[in-house]
Amino acid sequence: MKKAKLSSEEHHFFRTVYNAAFANPFSALREKLDIKIAGHFPSASRRESKDLCINEVDHRIKTLESQGRADINAFQGQDKEIITIVFLFDIFHKFRDEFDQLIKDQIKAQDIPVKVPFAPKAMEMLHKKGFDDKSVFHYFALSYQLRRAFYFISNSLVGSSPCMKTLKKHLWYNVFTYNIDLYNKFLWNKMEDFSTLLLGETGTGKGTAAKAIGRSGYIPFDEKKQCFAQSFTRAFSSLNLSQYPETLLESELFGHTKGAFTGAMEDYQGVFDRCSPHGSILLDEIGEIPNHVQIKLLRVLQERTFSPVGTHETSRFNGRVIAATNRPKKDILDGKVFRDDFYYRLCSDIIEVPPLSTRIREKPSELDDLLDFTIQRMTGTRSEKLILKVKRIIDRRLGKNYQWPGNVRELEQCVRSVLLRRDYKGKQKDDKETGSLTQELIQGISNRNISVPLLVSGYCRLLYEKFGTYEKVAKLTGLDRRTIKKHIINFKRD
């Protein structure tokens, strides 16, 4: 049978579509390619440009159909490689709204997988384009994964400042690698071997970023049940390691057997046992765990096995590990936080979540976007009036250059405070109070009657009031973070 060929013009056009399909959707390159495919409409909005692009691809494919060339098996070599991706691009975008609705329905249903009513139609379209059964099920599952990743990265991480654009691109690469073709051919079922470390100050949204990754893993389609094998709501779980005393931490991670220690009245499954086969675990505050726990976690990352407390029997962990810490990157790289062997196995990818002050400095309107998102989530309604009200309080009480030491979490509390009592003071201290403490320390040194604990605690308190984080105070004083925290929390004047 004689194979079809793409004309020079068709090859050029479809090659551009091919490149767009593999481009990071949060990159400037993808935006440029969409505009190019659509026919150069730079004044169109992002959504309009994408719609024009999709319509043009659909028109070109209809031309191939009218000529009897709309089948991947009609082509060979590079033409077949290109047209395969073009058909997948076209069918994926034809069902993007249905995928979005499926995501919303699954969020409502929580852990019970919902039926996928449009699956037969989508799969029929893939079959008609020449894909075999195995490929059809795989590409349908991959399409769902692509749409979930875009949905969660777009909708849960608000902001378009340069640092947020960088974050979103990085999160996409973390799920699909820098090359989706590479991911599709070699890694779609092997991503559990790639652990991730999220860095950022307290309250920046590391948990939200981790959730976007964890809910975006590959989940196979169950043909018999006509739903995906698992709900993505079950695919992500998290554990804050700092909330457990050292005596219980290993039990929470690895589980324990009955009688393993006083109070172990029955067998208990740890977080690694509870993780689903297609899931991810967020280990939050991982910078606070002791050395011996790092050794046990290294075994999980390296060998994928662990033993519950009280037994030498091994269990297997098949999920992906995402870790997060607010410890400074410099301390981590200098070896002050992790053992070297644990660090090198944990950090397949390091993602930094930017502080709110940086985001607003790069793009002041980001504050408006965040207020809009926060107010809508709290009230269920978009309200320009409430946004303006909160902004007036922020401008009057905090000022334009407020550093938001609590980051996005503090901004949420600010909105709640304004809605409740039309006020928010923030962490800024009264100049008289700060001046009084400064004068008290100076006077104590001058009179040589101030105690060392009060001197150190008072100085740490002053630094914390200015810089807003324990890490910055620790860096300036040369003390470790826990000591700083203790001094500040327990500070009392004589």
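**Group meeting: domains, sheet and cores of a predicted model**

The domain assignment splits this chain into domain 1 (8–131), domain 2 (221–352), domain 3 (356–421) and domain 4 (433–490). Please keep in mind that what you see is a predicted model.

I will start with the first two domains. The C-alpha centres of domain 1 and domain 2 are 38 Å apart. Across that pair, 14 residues of domain 1 make contact with 11 residues of domain 2.

There is also a record to mention. An unreviewed UniProt entry carries the annotation "domain: Sigma-54 factor interaction", and this covers residues 157–420. Within residues 157–420, 45% of the chain is helix and 12% is strand. The C-alpha atoms at the two ends of that stretch are 26 Å apart.

Now the sheet. In what order do the 5 strands of the open sheet run? The order is β4-β5-β8-β1-β9, and the pairing is parallel. At the edges are β4 (236–240) and β9 (349–352), each of which pairs on one side only. From one strand to the next, the twist averages 20°. As background, strands of a sheet pair through backbone hydrogen bonds, either parallel or antiparallel.

Let me take strand β1, residues 196–199, in more detail. With β8, residues 320–325, β1 pairs in the parallel sense over 4 bridges. Leu197 of β1 is opposite Ala323 in β8, and Leu198 is opposite Ala324 in β8. β1 is also joined to β9 by 4 bridges, and these two strands run parallel. There, Leu198 faces Ile351 in β9, while the bridge partner of Leu199 is Glu352.

In a regular strand the side chains alternate between the two faces of the sheet. In β1, Thr196 and Leu198 point one way, and Leu197 and Leu199 point the other way. Are these residues buried or exposed? All of them are buried. The edge strand β9 has a covered face with Asp349 and Ile351, and an uncovered face with Ile350 and Glu352.

Two helices go with the sheet. Helix α8, residues 162–176, lies across β1, β8 and β9, and runs at about 155° to β9. Helix α10, residues 206–214, packs on the sheet as well, touching β1, β4, β5 (280–284), β8 and β9. The direction of α10 makes about 170° with that of β8.

Last, the nonpolar cores. In soluble globular proteins, nonpolar side chains tend to be buried together. Which residues touch the most other members of the largest nonpolar core? They are Ile83, Phe140, Phe176 and Phe228, out of 81 residues in that core. Helix α7, residues 133–156, supplies the largest share of this core, with 11 residues. Domain 1 and domain 2 each give this core at least three residues.

Phe228 is worth a look on the screen. Leaving aside residues up to four places away in sequence, the contacts of Phe228 include Leu102, Pro113, Val116, Phe140, Ala141 and Tyr144. Phe228 also touches Ile219, Pro220, Phe221 and Asp222. There is a second, separate core of 30 residues, and among them are Leu283, Val321, Phe342 and Leu346.

How values were computed:
Residues are numbered from 1 along each chain as its sequence is written. This is a predicted model: local features need pLDDT of at least 70, side-chain atom pairs count only at pLDDT 80 or more; totals for chains, interfaces and linings use all residues. Side-chain values use heavy atoms; hydrogens and water are left out. A nonpolar core is a set of buried Ala, Val, Leu, Ile, Met, Phe, Trp, Tyr and Cys residues joined through side-chain atoms within 4.5 Å. Buried means under 20% relative accessible area, exposed over 50%, partly exposed in between (1.4 Å probe, protein chains only). Domain bounds come from an automatic or database domain assignment. Contact means heavy atoms within 4.5 Å. Two strands pair if DSSP finds at least two bridges between them. Axes are lines fitted to C-alpha atoms, for helices over the stretch in contact, and angles run from 0 to 180 degrees between N-to-C directions. UniProt positions are given in the numbering used here, feature names are shortened, and annotations may be inferred rather than shown by experiment.
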